[in-house]
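Hi,

Here is the structure I promised to pass on. Have a look at it first, and then read on for my notes.

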Amino acid sequence: MKSDREFTGTLLGFDDFVNMVLEDVTEYEVTPQGKKKTQLAQTLLNGNNICMVGPTGDLHREYILTDRVADTG
C-alpha cells in the first residue's frame, strides 16, 4: 500500500470497476505525527486502490481502506 488511510461514509454508488462515491466522509490517515482526521462532504474512491470494504455496524455507513483518493467536494 502507498499510504494508510481509512474512510467512513455513506455509500452513494459504485461501478463495475469498484470505483465508489461516498458522502459525509471521515478520512483517517496515519502520519509520522499521529492519526489525522479530515471531514469531507463527498469523495470519489478509485477502485484500483480499494483493498477492503465492510459494514461499520451502522446500516447506512460503509468502511473503506484505500491507498489514494480524489476529493470531489
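To get your eye in, try this one: which residue of β3 does T31 stand opposite? The answer is G34. I'll come back to that part of the chain below, but first some background.

**How far to trust it**

Please keep in mind that this is a predicted model. Mean pLDDT over the chain comes to 79, with 73% of the residues at 70 or more. Confidence is highest in strand β3, residues 34–45, where the mean is 93. At the other end of the range is strand β6, residues 70–71, where confidence is lowest, with a mean of 49. Where pLDDT is low, the coordinates of a prediction should not be read in detail. I'd go easy on β6 for that reason, given its mean of 49.

**The overall layout**

You'll find 6 strands and 0 helices in the chain, so the pattern along the sequence is simply β-β-β-β-β-β. The chain has 73 residues, and 30% of them count as buried. About 4,700 Å² of the chain is exposed, with carbon and sulfur atoms supplying 52% of that area. As for contacts with a separation of 6 or more, 44% of them link residues 24 or more positions apart.

**How the strands pair**

Start with β1 and β2. These two run antiparallel and are joined by 8 bridges. Two of the partnerships to look for are L11 with L22 in β2, and G13 with V21 in β2. Together β1 and β2 form a hairpin, with 5 residues between them.

Next come β2 and β3, which also pair in the antiparallel sense, this time over 11 bridges. The hairpin that joins β2 to β3 does so through 2 residues. The opening pair belongs here: T31 stands opposite G34 in β3.

While you are in this area, look at E29 in strand β2, which spans residues 20–31. Is E29 buried or exposed? E29 is buried, because its relative accessible area of 18% falls under the 20% cut-off. Leaving aside residues up to four places away in sequence, E29 touches D4, R5, G34, K35 and K36. G34 is thus on the contact list of E29 as well as standing opposite T31.

**Two backbone oddities**

Most residues other than glycine have a negative phi. Two residues caught my eye on that score. One is V18, which has a positive phi of about 65° although it is not a glycine. V18 is found in the loop between β1 and β2, in the turn of their hairpin. At 36% relative accessibility, V18 counts as partly exposed.

The other is D24, again not a glycine, with a positive phi of about 50°. D24 is found within strand β2. Its relative accessibility is 47%, so D24 counts as partly exposed too.

**The nonpolar core**

Which residues make up the largest nonpolar core? There are 7 in all: F7, M20, L22, V25, L40, L45 and I50. The elements giving two or more residues to this core are β2 and β3, and the largest share, 3 residues, comes from β2. L22 therefore turns up twice in these notes, as a core member and as the bridge partner of L11.

V25 is a good core residue to click on. Not counting residues up to four places away in sequence, V25 touches F7, T8, G9, T38, Q39, L40, A41 and T43. Two of those, F7 and L40, are also members of the core.

T8 and Q39 are both on that contact list of V25. T8 is found in strand β1 and, at 14% relative accessibility, counts as buried. T8 and Q39 are 31 residues apart along the chain, and their C-alpha atoms are separated by 9.8 Å.

If you want an order for your own tour, I'd suggest the hairpin of β1 and β2 with V18 in its turn, then the hairpin that joins β2 to β3, and then V25 with its contacts.

Happy browsing!

Technical notes:
Residues numbered from 1 in each chain as written. Predicted model: local features only at pLDDT ≥ 70, side-chain atom pairs only at ≥ 80, totals over all residues. Heavy atoms only, no water. pLDDT = per-residue confidence, 0-100. Helix = DSSP H or I, 4+ residues; strand = E, 2+ residues; numbered from the N terminus. Buried < 20%, exposed > 50% of the residue type's maximum accessible area, 1.4 Å probe, protein only. Contact = heavy atoms within 4.5 Å. Areas by Shrake-Rupley, 256 points an atom, 1.4 Å probe, with all protein chains shown as cover. Pairing = 2+ DSSP bridges. Core = buried A, V, L, I, M, F, W, Y, C linked by side-chain atoms within 4.5 Å.
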